[in-house]
Amino acid sequence: MVNLKINGIPVQAEEGSTIIEAARKANIDIPSLCYLKDINCIGACRVCVVEVKGARGLVAACVYPVSEGLEVWTNTPQVRQSRKTTIELLLSEHRKKCLSCVRSNRCELQKLSKEYGVDEDRFPSTDVVKPVDTSSAYLVRDNNKCIHCMRCVAACSKQNIGVIGPRQRGHNKTIGCAFDRPLGEAACVGCGQCVVSCPVGALYEKNNISEIWENISNPDKKVVFFTAPAIRVTLGEEFDMPIGTNVEKKLAGAIRRLGADAAFDMDVTADLTILEEASELVDRIKNNKPLPMFTSCCPGWVKFAEHYYPELLPNLSTCKSPQQMFGGLLKSYYCEKNGIDPKDLYVVSVIPCTAKKFEVTREEMKGTVDVALTTRELAIMIQSAGIDFAQLPDEEFDSPFETASGAGVIFGTTGGVMEAALRTAAYMLDGSFSATDFVEVRGIEGIREATYNVAGNEIKVAVTSGLGNASKLCDMVKNGEAPYQFIEIMACPGGCINGGGQPIQRDSVKNSVDVKSLRAKAIYDQDASMELRKSHESPVIKMIYDEYFGAPNSEKAHHILHTTYTARNRF
């Protein structure tokens, strides 16, 4: 530890840490636009400049290391004027359509402009209008709003994708794909980590809200929603609730007040995924089929495998994601049971993920889910409908899909799919196996490994999230160095709780609070409080198999609940 002073306040900080990190210990937030903890630290935006005794000129706090006896001032007239001028220069190249911007009131540049009292027209705006890239099924890039902070580029590189980067130099600089190719033609996997890293509105998801409103108002359409497990612990943030607040009991009521005919819980098909996936794993183990088996519920990971590791596609579970299973279930079982023509049923999934917007457009998936709506989009719909979300009474999801297990709930966080599958696979291998908590696969960071002995079988598993970690595991499997039978991968670091469609917290929060862990804790707390914690014990799942599929991995189940994969061009 070293001792320093920030604005005259004694502070102790770890040797090797930076001024911006040390300032938090004194409860001082130094503003920045390019810095993002664990993602980007390049000292480029110059908004975080501070005065340091003995230094020549102002220094960037995000890259300047602390040292014994260092004296720092973060709010002098010189510092404030420098920051103000920098922000005004950024605004001269930023398209200032704040009233209609998706990031209005959540924009870091807007926030700083207000705090520093800038003149947004001090420097003349450029007349160059850059094309907006709408080529992908899930993201929009508007370089007219880009401030060149490089956070999206860093996030993409951290995911080991790297399909975007700077093009040209100086005032002509833009961010995009190599050779000016549109994003829709690149080997992007749609994880959306670039979106949640962007401090402004230069990146956002493809908006499907108007289409949903049209179908809700159409008397010939029956509109049903279902919500993913992670939504319950993140949606509240859009209504200023504490991080990790579980709003499950308010979800169904909010959706009904939008005008939907029914609101269902996707946790049900998380349970259904487990029955199919665990059965497939047991079959692969018993019959010497390709191992290790990878989970397949994350469409970002699936597309990553298709682009970057096509030789491993035979190792992916053939199970559809819970989103697509629910869509298939609604357009078949639900329609038959209720005498509905599938073309008259409009299905909306509420998901934490931008990759699932791509998933609904896949050729082998078309026609099951009509629209995938992010957490942020649902919040916009609730707000525009004038619904006081925080004051809604508790309400249950609609029948017949109102009951799910804790195993379905934990799908929302990294390690949850593995743990849920182990609860059922262990029972299938050994009917007397009673363990419920497989805590070894829990956690947010790195690659977790565990070994379990079930009915004489030694089951070795691995879990990770973030595609940088996924690459390490995939390389091990390719090289024959992976001793595992079962591997869970989620594209987004931390899993669905940190998906590209989730609420975007302020930089001051992301840089000082472990958002992923708070959201994950809420998921595990709900699971621990439930009586029903294993997918195969769910009465809804038993009903679905008794009335429709017969048994897991039956011919009918394979037709509706399973899929195939396509090797894709990497370049």
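**Why we call it that: cores, rings and odd bonds**

Modeller: Let's start at Pro292, which sits in the loop between H8 and strand E13 (293-294). Keep in mind that this is a predicted model.

Biologist: What makes you call the peptide bond from Leu291 to Pro292 cis?

Modeller: Its omega is near 0 degrees. Another cis bond runs from Ser399 to Pro400, where omega is near 10 degrees. Pro400 lies in the loop between H12 and H13. As a general matter, most peptide bonds are trans.

Biologist: Phe401 comes right after that. How do you know that Phe264 and Phe401 form an edge-to-face pair?

Modeller: Two checks. The ring centres are 5.1 Å apart, and the cut-off for a pair is 6.5 Å. The planes stand at 85 degrees, and anything over 60 is edge-to-face, so the name fits. Both residues are buried, too.

Biologist: What makes this a link between distant parts of the chain?

Modeller: Phe264 belongs to strand E12 (residues 262-265), while Phe401 is in the loop between helix H12 (375-384) and helix H13 (406-409). That puts them 137 residues apart.

Biologist: And why is the pair of Tyr548 and Phe549 given that edge-to-face label?

Modeller: Their ring centres are 5.1 Å apart and their planes are at 80 degrees, which is over 60, so the pair is edge-to-face. Tyr548 and Phe549 are both buried. These four rings also belong to one aromatic cluster, together with Phe226, Phe326, Tyr333, Tyr334 and Tyr545.

Biologist: Tyr548 has a lysine around as well. What makes you say that Lys556 sits over its ring?

Modeller: The charged end of Lys556 is 3.7 Å from the centre of the Tyr548 ring, and the limit is 6 Å, with a position within 35 degrees of the ring normal also required. Lys303 is placed over the ring of Phe358 in that sense too, 5.0 Å from the centre.

Biologist: On to helix H18 (residues 539-549). How do you know that its buried residues line one face?

Modeller: The buried ones are Val540, Ile541, Ile544, Tyr545, Tyr548 and Phe549. Looking down the axis of H18, they fall within an arc of 135 degrees, so they line one face of the helix. That goes with a general rule: an α-helix has 3.6 residues a turn, so residues three or four places apart point the same way.

Biologist: What covers that face?

Modeller: The cover over the buried residues of H18 includes helix H8 (267-286), H10 and helix H19 (555-561).

Biologist: Why is Ser538 called a cap of H18?

Modeller: One of its side-chain oxygens lies 3.3 Å from the backbone nitrogen of Val540, at the N-terminal end of the helix. A polar contact needs the atoms within 3.5 Å, so this distance qualifies. Just after H18, Gly550 has a positive phi of about 85 degrees.

Biologist: Which residues have the most contacts inside the largest nonpolar core?

Modeller: Phe225, Leu235, Leu330, Phe401 and Phe549, in a core of 65 residues. Helix H10 (residues 322-338) gives the largest share, seven residues. Apart from this core lies another of 63 residues, including Val153, Cys188, Ala202 and Leu203. As for Phe225, it touches, among others, Ile212, Ile255, Phe264 and Leu373.

Biologist: Polar residues now. Why is Ser17 called buried?

Modeller: Its relative accessibility is 12%, under the 20% cut-off, so it counts as buried. Ser17 is in the loop between strand E2 (9-13) and helix H1 (19-25). Its side chain reaches the backbone oxygen of Glu14 at 2.6 Å. Further along the sequence, Ser17 contacts Tyr64, Pro65 and Val66.

Biologist: Why does Lys173 count as buried? It's a lysine!

Modeller: At 19%, Lys173 is under 20%, so buried is the right word. Its contacts beyond four places in sequence include Lys130, His148, Met150 and Gln168.

Biologist: And Gln168: what makes its phi stand out?

Modeller: Phi is positive, about 65 degrees, although Gln168 is not a glycine. Generally, most residues other than glycine have a negative phi. Gln168 has 60% relative accessibility, over the 50% mark, so it counts as exposed.

Biologist: Why is Asn160 called partly exposed, then?

Modeller: Its 42% falls between 20% and 50%, so it's partly exposed. Phi of Asn160 is positive as well, near 65 degrees.

How values were computed. Residues numbered from 1 in each chain as written. Predicted model: local features only at pLDDT ≥ 70, side-chain atom pairs only at ≥ 80, totals over all residues. Heavy atoms only, no water. Core = buried A, V, L, I, M, F, W, Y, C linked by side-chain atoms within 4.5 Å. Buried < 20%, exposed > 50% of the residue type's maximum accessible area, 1.4 Å probe, protein only. Helix = DSSP H or I, 4+ residues; strand = E, 2+ residues; numbered from the N terminus. Contact = heavy atoms within 4.5 Å. Arc of directions from axis to C-beta. Polar contact = N/O pair within 3.5 Å; in protein donor to acceptor, adjacent residues only side chain to side chain. Phe/Tyr/Trp six-rings, centres within 6.5 Å; stacked < 30°, edge-to-face > 60°.
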